[in-house]
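Thanks for coming. I will go through one structure today, starting with helix packing and then turning to charged pairs and the surface.

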Amino acid sequence: MTQPTMETFVALCKRRGFVFQSSEIYGGIGGFWDYGPLGIELKNNIKHNWWRSMVQLRDDVVGIETSIIMNPRVWEASGHVATFADPMSDCKDCKRRFRTDDIAINEKGERRCPECGGELTEARMFNLMFKTFVGPLEDDASQVYLRPETAQGMFVNFDNVLTTTRRKLPFGIAQIGRSFRNEITPGNFIFRDREFEMMEMEYFVVPGTDPEWHDRWIEERFNWWLALGVRKANLRIREHTKEQLSHYSTRTADIEYDFPFAGFSEIEGIANRTDFDLKKHSEWAGRTLQYFDEATGQQVVPYVIEPAMGVDRCFLAVLIDSYAEEEVRGEKRVLLRLKPELAPIKVAILPLSRNEKLVPTARKVWDLLRPHFMTQYDDAQSIGRRYRRQDEIGTPYGVTVDFDTLEDDAVTIRDRDSMQQTRVPIANLVSVLLEKLDGA
Ligand code: GAP
């Protein structure tokens, strides 16, 4: 398989309008990214896929959307104010700053500056939550945080969801939304950002059944990545060691992807959060967050299994995994073998040339297809170049309008992966494409 270098890949993302540096004309800002016209389509398709599989196709999970800024006591109760921190060291020579645990220990048993080899300061803990103020006064009383995870929105709404939906255990609450972390060293393109989107689900279960549900969710989530089209050989499951566990977790398994620039790295975590969060919020808010178990006639504090992933990392893994280079008639062809349901553009409409007779017909074909599929019309440059452009953005099908079309009312469908061409009457075009795209 072909894995692109980071440079090739970042260049493709920019050239084709997937991802741009945030505020680029001002020199950018580390850890923040913008999604271009194709990027937002892919991102929406990923989110839609997750929401469909986690909420819409299940009878035991409901979705919600909660605010980014919450009462700051939420973050004291959850332990984030006290412990959501990374160790940070500065180089005494070049003055660069690093996350200490990102630096390998050398043969002398010490950490040195990865840039210049200089001596590092003692590690000190740095809280990753961004702070801001609510209202006109910038004092301690008005200080709030931008959420570093969406999960707490689900925990503090546990009672609201339970009473309004009258769910029975086990059930889940899912959410997609922005999170913010003031990462010490953002990097590897959109892998580690300071603003990113998360897709998280809190699955509330009867205490004691949590180990079994944890195993089931690890399997479910791994299969979701496979169904997305990511190759099994590039995925693995890794258990956290005791030292790596978050303050709320007794067991966490990460799904990792083999990134070309960093090797196997986390793309999703599936944690057993126990009853930690509900108990903490009960204590801090003075409200009981419990469930009445009719089977035993007792109140219980549910345990929680949490599959949590970042949309941006998924975007990166999916794009990299779909990237392929092929030699076609002595020329390099770059393509994204994205599953049609993820492809930003499903069908490209390509008149053979900008001929005055072809263009009106091609535009009519475009009008015909637009209500059914995400389409793109392109008549600039040679047809060969346009096919290559569509291959490079992963468009599964191209529809070519040529001079024969004017005679026989038929067009050619070109398949991205096989490059095979099939002649289809315009009258059947929508149904043929619907069948090929299978609801994508
Ligand atoms: N509520 C659990 C939680 O926040 P996490 O392992 O810190 O767990 C979950 O984050 C997922 O969010 C990660 O697997 C990763 O995909 C994504 N993620 C975390 N930090 C990120 C960052 N700085 N930039 C992009 N994605 C990030």
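Let me begin with two helices, α10, residues 358-369, and α13, residues 426-437, which pack with their axes 10 Å apart and at an angle of about 40°. Before going further, note that this is a predicted model. Two packed helices are described by the angle between their axes and the distance between the axes, so those are the two values I quote. At about 40°, α10 and α13 are therefore oblique to each other; the cut-off for roughly parallel is under 35 degrees. The crossing of α10 and α13 is right-handed.

Staying with α10, one residue in that helix is V365. Is V365 buried or exposed? V365 is buried, because its relative accessibility is 3% and the limit for buried is under 20%. From V365 to L350 the C-alpha atoms are 9.8 Å apart in space, with a separation of 15 residues in sequence.

Next is helix α11, residues 383-392. How many of its ten residues are buried? The count is seven, so α11 is largely enclosed by the rest of the structure. The buried residues include charged ones: R386, R389, D391 and E392 are among them. I383, Y387 and Q390 are buried as well. Just after α11, G394 has a positive phi, about 80°.

D391 brings me to the salt bridges. The structure holds 42 of them. D391 belongs to a network of salt bridges that also links E326, R333, R337, R414, R416 and D417.

Now three individual pairs. In the first pair I will show, R124 and D90 meet through their side chains in a salt bridge, at 3.1 Å from N to O. Why does this pair tie together separate parts of the chain? R124 sits in strand β6, residues 124-127, and D90 in strand β4, residues 85-90, so the parts joined are 34 residues apart in sequence. The two partners fall into separate accessibility classes: R124 is partly exposed at 36%, whereas D90 is buried at 13%.

Another pair is R221 with E268, where the closest N and O atoms are 2.7 Å apart. R221 is in helix α7, residues 210-227, and E268 is in strand β13, residues 263-274, so this salt bridge ties a helix to a strand across 47 residues of sequence. Both R221 and E268 are buried.

The remaining pair is K332 and E325, whose side chains form a salt bridge at 3.9 Å, N to O. The cut-off for a salt bridge is within 4 Å, so this pair is counted. What class does each partner fall into? K332 is exposed, because its relative accessibility is 52% and the limit is over 50%. E325, at 31%, counts as partly exposed.

Last, the surface. Which residues form a nonpolar patch there? They are I68, I69 and V134, and together they have about 210 Å² of accessible area. I69 is located in the loop between β3, residues 61-63, and α3, residues 73-77. I69 has 36% relative accessibility, so I69 counts as partly exposed.

To recap: α10 and α13 are oblique to each other, α11 is largely enclosed, and the salt bridges shown include a buried pair, R221 and E268. Happy to take questions.

Methods: Residues are numbered from 1 along each chain as its sequence is written. This is a predicted model: local features need pLDDT of at least 70, side-chain atom pairs count only at pLDDT 80 or more; totals for chains, interfaces and linings use all residues. Side-chain values use heavy atoms; hydrogens and water are left out. Helices (H or I, at least four residues) and strands (E, at least two) are DSSP runs, numbered from the N terminus. Buried means under 20% relative accessible area, exposed over 50%, partly exposed in between (1.4 Å probe, protein chains only). Patches are made of residues with over 30% relative accessible area and no salt bridge: like charges are joined within 9 Å, nonpolar side chains (Val, Leu, Ile, Met, Phe, Trp, Tyr) within 5 Å. Accessible areas come from the Shrake-Rupley method with a 1.4 Å probe; for residues, only the protein chains shown count as cover. Axes are lines fitted to C-alpha atoms, for helices over the stretch in contact, and angles run from 0 to 180 degrees between N-to-C directions. Angles under 35 degrees count as roughly parallel, over 145 as roughly antiparallel, 65 to 115 as roughly perpendicular and the rest as oblique. A crossing is left-handed if the near helix is turned anticlockwise from the far one by less than a right angle, and right-handed if clockwise.
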